[in-house]
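Here are my notes on the model you sent over, set out point by point. Have the structure open while you read, since I jump between the two chains.

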Amino acid sequence: MLFDMARSMMLHEDLVQTGERPVLLGARCDECRAFLFPRDDRCKRCCSDRLQPCELGDRGALWSWTVQSFPPKPPYRGAQNEQFKPFGVGYIHMDNTDVLVESRIPLDSDRPLEIGMPMRLCLETLCHDEHGNAIETFAFRAEAVA
Amino acid sequence: MSGVAIIGVGLHPFGRHEQSGLRQGAAAVRAALADAGIEWQDVQAAYGGSQDAGNADALADLLGLTGIHFTNIWNGCATGGSSLNAAAAAIKARQADIALAVGFDKHPRGAFAPRPSDWGLQDWYGEAGLMVTTQFFAMKIRRYMHEYGISDDALVRVAEKALTNGAITPHAWRQQALDFETIAESPMVSDPLRKYMFCNPAEGGAAVVLCRAEIASRYTAKPVTLAAAEVRGREPGSFEVFSPSLSLERGRSATEIAAQAAFETAGIGPGDCDVLQLQDTESGAEIMHMAENGFCEHGEQEKLLRDGATRIDGPMPVNTDGGCLANGEPVGASGLRQVIELVWQLRGEAGKRQVPGNPRVGYAQVYGAPGISGVNILHT
């Protein structure tokens, strides 16, 4: 093992199951059946504490969106000043659920964002820490057109 | 239960100033006391707040240490609504005959920089760049435009009307009217919202003196009745700011709940209101709030705005002083500015921006993070 090699780390654990293909993690309420993201220990809708961890999948449809065209203030950890590149932000309606998840949308394709377009979960490098490790966060990209 | 009347209002103009936010708040209180013809010593209870300019109860050092209970209030941009609600409640409960609601602020330039933990959220949400209020406003109006057929032109018309009204409001921060094309071609900030469609964080102070309705005639020949001052939070599924996720099923928004409660309390309906102040953090908010408060159906705004219905000379004037778009938003004071404008309109003291036909009923709605709305209904 090469311990001196820079690695990738997640910005926050418990949001995504990483592996060959990332999967978004959430919870589901045993009482009212609501899906929650991120995982929590109490249901916002019915106040129940009977929640089960669940997977929210990796696909959905774009429900609404905007473009973040200026660098957010701290605690934003992405690039500031001239290094900042605008990024998309949207709510993704996760397939087979009733939950909309807010996410970054990298603007690295020429396809204009449109409500209803199919989206796929990915990991995006947000920044690097002081050891050179890439800090990754979940994001969604438009599905490649067949 | 006692009725509540407004007997004095005072504003320290919004904008950018040398003075501290606290001193701008004190100036607003002195103006309101003078308007009511009373002294600070006559005030028996006070409620107020600011986000970035200090503790409201520190105003006592500037106004005089009279020993009254001065309660600090904080509910985001809805702080003014909560302060007025609390002051009115104190009078109704006979804890005070005369009470004060005050708000002031002085924000750094640029968008707000909230801390996730202050809002019950995990740090990653802010670190990933998702905790920016402008994103929420843009995504909420984009979905609304998609569902109800609202066009980009409607967003422009709201800003155009706000700046037109600001240009005839002596105390407004933005006093230059801009034409349709200038607004429509201004830089995109948060797609679909452009530069002139957003209000800016600002500075200023606003104060309202209330009293038991029975004694109002001692202080003024033109008392204005505060018929409702209701504040409500959100229900599951409402689309509010700072939401890492939402339910697909929409619930009632804080504004819808507060509006319904206020109409019930006042015993009137939307059709009875002659002049409206609706939270216009950006153009889209005013459009959505027209319907959420019950003044039109969802989607009807497109035609109403095209027809000029919300102009000062229209059938439902909205934000006669230019609203947040022309005045900026010192969040502690903003909700009270709406109420002050209503008082001036109902007294017939609004100068060039006076709504014609002697308006008798005014309606004000303020909205704040993370989903709280305050509605005030006033009448002469």
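1. Let's begin with chain A, bearing in mind that this is a predicted model. Chain A has 10 strands and 0 helices. Reading from the N terminus, its elements run β-β-β-β-β-β-β-β-β-β.

2. On overall dimensions, the C-alpha trace of chain A spans about 45 × 40 × 35 Å along its principal axes. Chain A has 146 residues, and 47% of them count as buried. As for sequence separation, take the contacts in chain A between residues at least 6 apart: 50% of these join residues at least 24 apart.

3. A:T66 is worth a stop. This threonine sits in strand β6 of chain A, which covers residues 59-68. Its relative accessibility is 0%, so A:T66 counts as buried. A polar atom of the A:T66 side chain lies 2.7 Å from the backbone oxygen of B:D191.

4. What else does A:T66 touch, leaving aside residues up to four places away in sequence? From chain A there are A:F87, A:G88 and A:V89, and from chain B there are B:Q135, B:A138, B:M139, B:S190 and B:D191. When you look at the A:T66 side chain, then, have both chains displayed, with B:D191 among the contacts and its backbone oxygen at 2.7 Å from the side-chain polar atom.

5. Now the cysteines. How many disulfides turn up over all chains? The search of the whole structure gives 0. A:C29 is in no disulfide, and the nearest cysteine sulfur to it, that of A:C46, is 3.5 Å away. A:C29 counts as buried because its relative accessibility is 0%.

6. A:C54 is in no disulfide either; here the nearest cysteine sulfur belongs to A:C29, 11 Å away. With a relative accessible area of 15%, A:C54 is buried.

7. A:C47 gets a point of its own for its backbone. Phi of A:C47 is near 70°, which is positive in a residue other than glycine. A:C47 is placed in the loop between β4 and β5 of chain A. Is this residue buried or exposed? At 53% relative accessibility, A:C47 counts as exposed.

8. There is a positive phi to check in chain B as well: B:N319, with phi near 55°, is also a residue other than glycine. B:N319 lies in the loop between α10 (301-306) and α11 (323-327) of chain B. Its relative accessibility is 2%, so B:N319 counts as buried.

9. Two cis peptide bonds deserve a look. The bond from A:F37 to A:P38 is cis, with omega near -10°, and A:P38 is in the loop between β4 and β5 (51-57) of chain A. The bond from A:P74 to A:P75 is cis too, with omega near 15°. A:P75 belongs to the loop between β6 and β7 (87-94) of chain A.

10. Next, the second largest pocket, which holds about 800 Å³ of space. It is lined by 36 residues, of which A:K44, B:R234, B:S243, B:P244 and B:S245 are the closest to its centre. The elements giving two or more residues to this lining are β4 (35-36) of chain A, along with α4 (123-127) and β9 (245-247) of chain B. β9(B) gives the most, with 3 residues. By class, the lining of this pocket has 16 nonpolar, 8 polar and 12 charged residues.

11. As for enclosed space, the structure holds 2 cavities of 30 Å³ or more. The largest cavity has a volume of about 80 Å³, and its lining includes B:F136, B:F137, B:K140, B:H289 and B:Y367. Both α5 (133-148) and α9 (283-292) of chain B supply at least two lining residues, with the largest share, 4 residues, coming from α9(B). The residues lining the largest cavity divide into 5 nonpolar, 3 polar and 3 charged.

12. Last comes the second largest cavity, at about 30 Å³. Which residues line it? Chain A provides A:Y91 and A:E102, and chain B provides B:Y125, B:L130, B:V132, B:Q135, B:F136, B:V241, B:F242 and B:S243. By class, this lining has 7 nonpolar, 2 polar and 1 charged residues. Some names here have come up before: B:Q135 is among the contacts of A:T66, and B:F136 also lines the largest cavity.

Note on methods. Residues numbered from 1 in each chain as written. Chains lettered and ligands numbered in written order. Heavy atoms only, no water. Buried < 20%, exposed > 50% of the residue type's maximum accessible area, 1.4 Å probe, protein only. Polar contact = N/O pair within 3.5 Å; in protein donor to acceptor, adjacent residues only side chain to side chain. Contact = heavy atoms within 4.5 Å. 1 Å grid on protein atoms, 1.4 Å probe; cavity = no way out; pocket = protein on both sides within 12 Å on 5 of 7 lines; lining within 4 Å. Points joined across faces, edges and corners; volume = space filled by probe spheres on them. Nonpolar A, V, L, I, M, F, W, Y, C, P; charged D, E, K, R; others polar. Disulfide = S-S within 2.5 Å.
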